[in-house]
Amino acid sequence: MPEEKKELLQALSDAVFNMEVERAADLARECVDAGIDPFEAIEKGLIDGINRAGVLFEEEEYFVPELLLCSDAMYAGLDVLRPHLPETSETQSGRVVLGVVEGDTHDIGKNLVKIMLEANGFEVIDLGRDVPPQQFVEKARETGAAFIGLSTLMTTTMARMEEVVNRLKEEQIREQYKVVVGGGPISQGFASRIGADGYAVNAVEAVKLFRRLQGA
Amino acid sequence: MESLTEKTRLLAVLKKQPADRPPVICPGGMMNAAVVEVVRQTGINLPEAHGDPELMAGLARAVRRLTGFENFGVPFCMTVEAEALGSAVDYGTLACEPKIAREAYNRAAAVNFREIEELLAAGRVRAVAGAVASLAAGDPDVPVLACLTGPISLAASLVDPGEFLKDLRRDRENAHRVLDYVTSFLERFALLLASSGAAAITVADPTATGEILGPSLFNEYALPYLRRVVAGVHRAGLPVIVHICGNVNKVKSLLPALQADALSVDAMINLTKLKGEFPEQVVMGNISTYLLQNGGAAKITGFTGKLLAGGIDIIAPACGLSTSTPLANIQAMTATVKHSLAPGGELITAQNRGIS
C-alpha cells in the first residue's frame, strides 16, 4: 500500500477513534478524491476506528458518551463514502430485528448494538423503542430475519423479553430465530431462564455473540 | 427503648440513631410498589392516579396497607419533572409505567430556560405536592417519602438522552447550563415537597451510573449536581436517600461525597461489603427485583434475612419493581423484616434462625 494511502486510512480511523465528526467526513472526502476504494476506506478507516473504540469501551477507558461520539464520526464518514459504493455490493452477515421492549424508552444501548452490528456487516431492522412483543415477532417473520435482539435498561420491563420468546413458541416458530437479550439489568442467568439463545454484556460482545450464533 | 412509629424509626436510622430494627420501605418514584396486583384491589386506576393528588394519595395508602411497606411513597413514575420542563409524557397503562414520549429538545444548546416559579406550577408538580400534603395530614406516624428524578436523568429526559450524553463531552458549557437549570428546579421542588409534609426525599438518578458515564464524567457532572440537590434537601430540613443504579464499583470511592443520609444501590452490589467499606454510610437495599418477581416467598425471606444479618440499615427493593410482581412476594419481604425482633428485643436474622 502506498505510504500516502496508508496514512490517509490511518487518519480516518483515528478521526473515528478520537470522536472527530467533521474531520472524519473531511478525510472520507479526501479518500474519494485520492481514488481509494470506498470499501477499503470503510473497512480500514471507519470500521477500524470504531472497533478500536470498542476495545477501549471493553477496557473501560471509553464509556457510553465516547462510543456515541465515535459512532457519529463513523456515520459522518459513511455518509460521504456510501454514494461511491457500487450498488448491490453489500455483503451481509445476517439480518437482525432489533428493539427496546415495551414500556422502556431507553435506547442508547440498543443504538450502540446497532452501530457495532452494522459496522460488522449485519443488516439491522431497527424497531426503535417501546416495542410491543408481537411487533418483534411480526417483523422477524415479515423480513425473514435470522436474529431477534431485545434490549431494556429497566428492571420493570425485563418480563417483556420472556413474552417475546413465549409468543415465538406459541406460534411454533421459536426455532427459526436466535433470540439475543441485553441491557443494564440483564444477565446470562436471566437469558437462560427465559429461554433466550444468548446474552451479551455490551455492544462489542454482542457482535462476537451474533457471529458465534450464526456459526451454530 | 420507647415503641417506635414507622416515621420515628426511619428518621432515627437516617440520623444514625439507635432503632429497634431496620425499617422496610419502598420510596416511590422509579421504585414504587403500585404493581398490577395491588392497584387492582384498590378501586383506583392507573394512569388516572398519576395526575390527581387525592387518587395518588389514596393509592399510596393502599400500597402501604397491602404490601406492608412502612412508608407512603409518591409519585408512581419518574416523569413528573421532565413533563413540567416541557417533555411529552405517555401516561401508560395499569401494567406500563409512564414514560417520556418525546424529549423537549434535541441538544443541550437548544434548551429554553424558563422561570422556576413557572415550572413549579406546571404539569403534575402540584399534584404530587398535594398528595404529599394529604398523606402527611392523614397519618402523622407514617413517613411520607417523595421521590425526585436526579439531575442527570432529568436532563437526559429533557434533551434527547443520546445527544445529551454526547454533549457532556462535546458541549460542556451548555451541558453544565442545562444541569444547573434542572438542579435549580429540583432544589425548589424539594422545598415544596418539604413544606407539604414529606418526611424524607429520595433522589433516584438511574442515568448517572459509573457504567454509562465512566468515573471522569461521573465526577464532573453527576457528583456536583447530585450534591447540590442533596444540600438543597438538607436546607429544607429533610434527610435524603440517593439511589444509584447499576454497578457502582467504578465510582465507589466518590459515593460518600454525595453526603446522602442513605445510599441505595442495585442488586448486583454486595451491600454488606459496601457497608463494611464505608461504615459511616447508612445504606439501603437491596432485594433483587428479579427475585421479587420470580423468586417465591421462601427465597425472598431467606435473602431478606441475609440483609438483616449483614447489618443493612434500611431494607428496600434494589431497583424498580416490575408491575407484574406478585403481592405475596412483596409481603414475604416486609413480613420478614417486621417479624425480625425476638421477644427479648434482639434482631432475629437468617443466621441465628438457621435459615440460609
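**Close-up views of a two-chain model**

**View 1. Two loops of chain A hold residues with positive phi.** A:Gln172 sits in the loop that runs from helix H7 (159–170) to strand E4 (178–182) of chain A. Helices (H or I, at least four residues) and strands (E, at least two) are DSSP runs, numbered from the N terminus. Phi of A:Gln172 is near 55°, a positive value in a residue other than glycine. A:Met19 is not a glycine either, and has a positive phi of about 65°. Its loop in chain A joins helix H1 (3–17) to helix H2 (21–33).

The model is predicted: local features need pLDDT of at least 70, side-chain atom pairs count only at pLDDT 80 or more, and totals for chains, interfaces and linings use all residues. Residues are numbered from 1 along each chain as its sequence is written, chains are lettered from A and ligands numbered from 1 in the order in which they are written, and side-chain values use heavy atoms, with hydrogens and water left out.

**View 2. Helix H3 of chain A bends at A:Asp48.** The bend is about 35°, taken as the angle between axes fitted to the seven residues ending there and the seven starting there. H3(A) covers residues 38–58, 21 residues in total. Its expected span is 30 Å, because the rule takes 1.5 Å times one less than the number of residues. The end C-alpha atoms are 28 Å apart, which agrees. At the start of the helix, a side-chain oxygen of A:Asp37 comes to within 3.0 Å of the backbone nitrogen of A:Phe39. Just after the helix, A:Glu60 has a positive phi of about 65°.

**View 3. Chain B meets chain A.** Contact (heavy atoms within 4.5 Å) links 31 residues of chain B with 23 residues of chain A. The two chains bury about 2200 Å² between them, 60% of it on carbon and sulfur atoms. Buried area is the accessible area (1.4 Å probe) that two parts lose on being put together, summed over both. In chain B, the residues that lose the most area to chain A are B:Lys166, B:Arg169 and B:Tyr290, together 26% of what that side buries.

**View 4. Salt bridges cross the interface of chain B and chain A.** The rule (a side-chain nitrogen of Lys or Arg within 4 Å of a carboxyl oxygen of Asp or Glu) finds 6 of them here. One joins B:Lys250 to A:Glu60, with the closest N and O atoms 3.0 Å apart. On the side of chain B that touches chain A, strand E3 (99–102), helix H8 (161–170), helix H10 (210–235) and helix H12 (289–294) of chain B each supply at least two residues. H10(B) gives the most, with 7 residues.

**View 5. A salt bridge lies within helix H9 of chain A.** The side chains of A:Lys208 and A:Glu205 pair at 3.1 Å, N to O. These two are 3 residues apart in H9 (residues 203–215), so about one helical turn separates them. An α-helix has 3.6 residues a turn, so residues three or four places apart point the same way. Over all chains, the structure holds 40 salt bridges.

**View 6. Chain B has cis peptide bonds before B:Pro47 and B:Pro75.** The bond between B:Leu46 and B:Pro47 is cis, with omega about 15°. B:Pro47 is in the loop between helix H2 (36–39) and helix H3 (53–67) of chain B. The bond between B:Val74 and B:Pro75 is cis, with omega about -10°. B:Pro75 is in the loop between strand E1 (72–74) and helix H4 (80–85) of chain B.

Notes. A polar contact is a pair of N or O atoms within 3.5 Å; within protein, one must be able to donate a hydrogen and the other to accept it, and residues adjacent in sequence count only if both atoms are side-chain atoms.
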